[in-house]
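Open the model in a viewer and keep a selection box at hand. The stops below can be taken in order.

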Amino acid sequence: MKLESIKVEKFKRIDAIELPIADLNILVGSNGSGKSSILQALHLASCLMRQVDRIRAESTAMVSINDLDYLPSDQYWKLGHGADWGNKGNSPSSKVEFRFLDDAAGVVPPNIVTAKLVMRSARNAGISVQGELPESVRPLFRGQDVFFSGFIPGISGIPNVEHKNSKRVVLKACSFGDSNVYLRNALNLLPAADIVKIEEWLEPLLGAIKLKIVFDESKDFDIHAHAELNGRWTPLELLGTGFLQLIQIFCYILLFKPKILLIDEPDIHLHPTIQEKLASSLLEIARAQEIKIVMSTHSPFIVRGAPVDANVVWLADGEIKSDDRSVVELALGWGAFGKQVIIVSEDAKNELLKKLIRQWPEIERSVTVLPGRGYKHLLTKAEAVELRESLGGKFKVLVHRDRDSLTDDEAAQLVDSYAAEGIALWLTDQSDIESEFCNPSFLSSLTGETLATCEGWVNHIIANNTVPISDQFAKQRVAANQELHGAGGGPTNADVWAALQHRPLKGAKGKFVMGQLKNRVPGNVYSEASVEGHSDFPELAPSLKNAIELLIAQ
């Protein structure tokens, strides 16, 4: 009997989702995307199927909250999607299905067998269930020491001392996800051969390691556990959390012998090099133990290191956004999960661009910024289209370019040329992003000086640096004419310069003025650090806000 797919309906972040199940399955997505909701739904349903007295489609049975081996929240009625669980037959509920392929020899075509469970509140403190558990799959879910699923929510260290507990207490605690408190107990339940197996699984990831678990029934109260690394024995509590995380995962596989192992973000405490190896190791173990593994992650290293036949799924808002491995790797590597707009900057350093975006928290949550390599390597229209298509059309692309000494007509020409390819181009309102932070209103809010004083600083810099400012302008016009007026016919430098005098910096580059302000403003009050750290200032760059909002609204 082979698990083929799972389906979850109306559980936490999930409205309805169906996932094919391979030997190794990797769920990626931003916080709140539904990754943990899927793992919790599967484990809760599995525990209920094992613990409830009976499972029938036409009648309900109840499991008391005190008896449950797993519960994601004490307020269990809040587990519904969009509505609290009710306690009547037609009230809100959650549903989980496990679909199996009966691949017994001689069965052609193979039979599809589905185990179903509907969960809602019981009238007393418990969960009411009904569903279907066909006889052919019943042994997978029910029986002495039978655990269809094992759930690992993560580990944050272990206590210095751990008393010996009964097997029932240890299994229930581990099922609840409390194995950090009971890890020594869990290891103590394993036979010596299984401890050796854990050591073998750890070696490709961490190097040679030996484990020693000691408890003498006749004299000990506590379980003593040590690990040998590089010839030295170390108490288990002194190991790094990453070591403990891997020991926990491998211990669960052998302790529960689950049909499906659910691992929530195993990358948190692991070095990137180990993260990259983990997926391959888990897939090898899954096949050797004949289990399925489903894990959630934020790590590009885990996805990058996953074998080609691993099932990688990107979740967003409780739905499958993409199961295209290449799209997932690109989005994960660029921090684009949970975002709607990718801004590709002209500049390699983007602190000031990000500062502008932070003015609008709702917008910031929808945007990720990719650094550029300067004006000469600005993302072309074709490259922007290729980027959008390589990500499966899941994101809007906004290209940032400094206006420099372009005229309004030239700027409009560039914007239209990108728009013709479905790409948004945002040109700064003035010469560059730095110009925004030379604005007298910003300077006044930063320094506490009057607006007139701040205007005086800027005007003094412009008036006393005419030569370098005009030289820079001339170089920019050469580049603009080569790009936009190769056959001639462009405006004269004199006409462009005259038009720029209506701008606040009168044709000067913000980068240049910003550098001069560091010396002009008294008391070293104006610096890169003070500008980046200042938060209470009048709104800057409203055209950037408008450009992003238009993209989000599309």
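The tour goes from an annotated segment to a helix, the nonpolar cores, a loop serine and two cysteines.

This is a predicted model, in which local features need pLDDT of at least 70, side-chain atom pairs count only at pLDDT 80 or more, and totals for chains, interfaces and linings use all residues. Residues are numbered from 1 along each chain as its sequence is written, and side-chain values use heavy atoms, with hydrogens and water left out.

**Residues 1-44.** Select this span, which UniProt lists, in an unreviewed entry, as "domain: Endonuclease GajA/Old nuclease/RecF-like AAA". UniProt positions follow the numbering used here, feature names are shortened, and annotations may be inferred rather than shown by experiment. The span is 50% strand and 23% helix, and its end C-alpha atoms are 21 Å apart. Helices (H or I, at least four residues) and strands (E, at least two) are DSSP runs, numbered from the N terminus.

**Helix 1.** Next select residues 35-51, the 17 residues of helix 1. From first C-alpha to last, helix 1 reaches 25 Å, close to the 24 Å expected at 1.5 Å a residue; the expected span is 1.5 Å times one less than the number of residues. Of its 17 residues, 15 are buried, meaning under 20% relative accessible area (exposed is over 50%, partly exposed in between; 1.4 Å probe, protein chains only).

**The cores.** A nonpolar core is a set of buried Ala, Val, Leu, Ile, Met, Phe, Trp, Tyr and Cys residues joined through side-chain atoms within 4.5 Å. Show Ile26, Leu236 and Phe250, which have the most contacts inside the largest core, one of 85 residues. Helix 6 (residues 241-256) gives the most to this core, with 11 residues. What does Phe250 touch, not counting residues up to four places away in sequence? Phe250 touches Ile198, Trp201, Leu202, Leu205, Leu282 and Ile285, where contact means heavy atoms within 4.5 Å. Apart from the largest core lies another, of 49 residues, including Leu3, Leu27, Leu79 and Trp85.

**Ser366.** Move to the loop between helix 11 (361-364) and strand 17 (367-370), where Ser366 is found. Ser366 is buried, at a relative accessible area of 11%. Leaving aside neighbours within four places in sequence, Ser366 is in contact with Lys339, Gln340, Val341 and Ile552.

**The cysteines.** How many disulfides does the structure hold? It holds zero, a disulfide being a pair of cysteine sulfur atoms within 2.5 Å. For Cys174, the nearest cysteine sulfur is that of Cys251, 6.6 Å away; Cys174 is buried, with a relative accessible area of 0%. For Cys438, the nearest is that of Cys454, 11 Å away, and Cys438 is buried at 1%.
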